[in-house]
Amino acid sequence: MSNSRFRRGAVRALAATAALFTLASGVAGCAGSSDTATTEDGKTVLRYQGWAGDVGFHELAEDLGYYDKIKLEWVGDTTSGPQDIQSAATGDIEFGSAFNGAVVKLNAAGAPITSVLSSYGADAGEYTGYFVLDGSPIRSARDLIGKKVGMNTLGAHHEFLVREWLAQQGLTQDEIKQVELTVVPPVNNETALREGQIDVAAINGIFRETAQERGGIRPLFTDRDLFGAFSYGTYVVRDDFLAKNEDAVADFVQGTARAIRWTQVTPREEVVARFKSIIDRRGRNESDEAIDYWRSSGIPVAGAVIQEKELQTWIDWLVRNGELDEGKLTATDLYTNEFNPYANGTFQPESGPDGEVLEGQK
C-alpha cells in the first residue's frame, strides 16, 4: 500500500465515521418510515446487514430453527459497527450491532434505539491484540506518544480501547492526543505494521491468528488486559419498531440468545462445521477460510445477557473525556433484558440452548 493511498483511505474513513454521528441528530425524524414486511405465513421480516465470510449469531439462530415469528432478510454487507447501527436507526434495516461506546454516542445524539442483546466481546478464546514488531522499542504507553496506531475505523471499539488503555497507564489527555490513530483496513493492518507505515496494529480474528503464525510480532496489550472477560457490543433495534413489533423483537432476542448459548456449550469443531455449512449454502460468493480460525463466541455471559457495566463504562468514559454531559444518559435507559430467556426466568441462567440442565451442573 503506497503512503498516498494509505492517507487517502484514512481521510475517507474518518470522514465517513464523523458523518455517521453528525447525521445521528436527524435520525429520529426518519426512523421507521418504511412499513414492516411479513411473509405469506405471517412471519415478520427483519432486514439486516452481514459480514463477508462470517456468520452472525442471528444467522445461526435461523439455521438452528430457533425463530418462530420472524424471517431474516439479508440486504448486503456492512462496513463497520457504527454504520450498521446507523442503518438500524434510520430504518434501512431492523437491527444492527456495534461497539457499546458507539451505541452510547448514537443514543446521546438523539437516535431512538435500544440495546437488546450482547453481540460480541472478549473471553478466554477471543480478543483484540494491539501488536508491535518484536524489535520495536515500544514497551509502554508513554512510548506511543508521537506514534501511529492502525485500526479499522475511528469512533468505535479500537479507538475507545486504545485511549482507555493510555489513560489507565497514566497519560494525560494532552499526551493521548499526540498518539496518532490511523484508519487501515483490517486486511492491510499487519502489512502496514511490518512495512513501518504504522507502529501498532489492532488485530483480531483470522488476521490475529495468521499474523501470529508468521511470527515477528508481540502484543503491547489486549482488550482483555483492560477489563478481563467483557462484552463490548450489543444488538440494537429502533424504539418505534420495538413498540409496534414487540413479539418479533422478543422472538429475535430469544432465538439469538439461544444460538449464542449453543456456541458457548458446543464443541468448537461442531460450531466451525455449522458455520461453514451456512456460508456454503447461502450463495454469496465468499470464502469460508476465516471460520477455521474461530475460537469462541467472545461473549463471557451465558446467553448474552447485557450487564449494566458494559454500557455504563462507556458513558463514564465519554463524560470523563468531555464528550457527554454528566447525567444525560444512564445505562439502564439504554438497554433491556426483558426478552432474553436467560434473564427473564424462562431458562435458568446457566442452562443450555433449549433450557436444559448442562452436564456438570446437575
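The exercises below work through salt bridges, a helix crossing, a strand and a loop residue in a predicted model.

**Exercise 1. Determine which parts of the chain the salt bridge between Lys 105 and Glu 323 ties together, and how exposed its two partners are.**

Solution. Step one is the distance: the closest N and O atoms of Lys 105 and Glu 323 are 3.5 Å apart, and a salt bridge requires such atoms to lie within 4 Å. Step two places the partners, with Lys 105 in helix H5 (residues 100-108) and Glu 323 in the segment after helix H14 (308-320), so the pair ties together parts that are 218 residues apart in sequence. Step three concerns accessibility: Lys 105 counts as partly exposed at 24% relative accessibility, and Glu 323 likewise counts as partly exposed, at 36%. This pair belongs to a structure that holds 21 salt bridges.

**Exercise 2. Describe how H5 and H14 cross, and state which residues meet there.**

Solution. Begin with the geometry: the two axes come within 9 Å and cross at roughly 65 degrees, and the crossing in which H5 passes H14 is right-handed. Next, list the residues: from H5 come Asn 100, Gly 101, Val 103, Val 104 and Lys 105, which meet Glu 310, Leu 311, Trp 314, Ile 315 and Leu 318 of H14. Finally, sort the residues of this contact by character, which gives six nonpolar, two polar and two charged.

**Exercise 3. Establish which salt bridges Glu 209 forms with Arg 208 and Arg 295, and decide for each of the three residues whether it is buried or partly exposed.**

Solution. Consider the pair of Glu 209 and Arg 208, whose closest N and O atoms are 2.9 Å apart. Because buried means under 20% relative accessible area, Glu 209 is buried at 15%, and Arg 208 is buried at 0%. Turn then to Arg 295, which forms a salt bridge with Glu 209 across 3.3 Å between the closest N and O atoms. This second pair links distant parts of the chain, since Arg 295 sits in the loop between helix H13 (268-282) and H14, whereas Glu 209 sits in helix H9 (residues 205-214), 86 residues away. Arg 295 itself is partly exposed, with a relative accessible area of 31%. As a further case, Glu 59, Arg 282, Arg 284 and Glu 286 are linked in a network of salt bridges.

**Exercise 4. Work out how enclosed strand E1 is, which way its side chains point, and how E1 is joined to strand E2.**

Solution. Count the buried residues: seven of the seven in E1 (residues 44-50) are buried, so the strand is largely enclosed by the rest of the structure. In a regular strand the side chains alternate between the two faces of the sheet. Accordingly, divide the residues of E1 by direction: Thr 44, Leu 46, Tyr 48 and Gly 50 point one way, while Val 45, Arg 47 and Gln 49 point the other way, and all are buried. As for the pairing, E1 and E2 (residues 70-77) run parallel and are joined by six bridges, with Leu 46 standing opposite Leu 72 of E2.

**Exercise 5. Locate Asp 134 and identify the residues that it touches.**

Solution. Asp 134 lies in the loop between strand E5 (128-133) and strand E6 (148-151), and at 40% relative accessibility it counts as partly exposed. Leaving aside residues up to four places away in sequence, Asp 134 touches Arg 139, Gly 216, Ile 217 and Arg 218. To place Asp 134 relative to Ser 297, 163 residues apart along the chain, take their C-alpha atoms, which are separated by 29 Å.

Notes:
Residues are numbered from 1 along each chain as its sequence is written. This is a predicted model: local features need pLDDT of at least 70, side-chain atom pairs count only at pLDDT 80 or more; totals for chains, interfaces and linings use all residues. Side-chain values use heavy atoms; hydrogens and water are left out. A salt bridge is a side-chain nitrogen of Lys or Arg within 4 Å of a carboxyl oxygen of Asp or Glu. Helices (H or I, at least four residues) and strands (E, at least two) are DSSP runs, numbered from the N terminus. Buried means under 20% relative accessible area, exposed over 50%, partly exposed in between (1.4 Å probe, protein chains only). Contact means heavy atoms within 4.5 Å. Axes are lines fitted to C-alpha atoms, for helices over the stretch in contact, and angles run from 0 to 180 degrees between N-to-C directions. A crossing is left-handed if the near helix is turned anticlockwise from the far one by less than a right angle, and right-handed if clockwise. Ala, Val, Leu, Ile, Met, Phe, Trp, Tyr, Cys and Pro count as nonpolar, Asp, Glu, Lys and Arg as charged, and the others, Gly among them, as polar. Two strands pair if DSSP finds at least two bridges between them.
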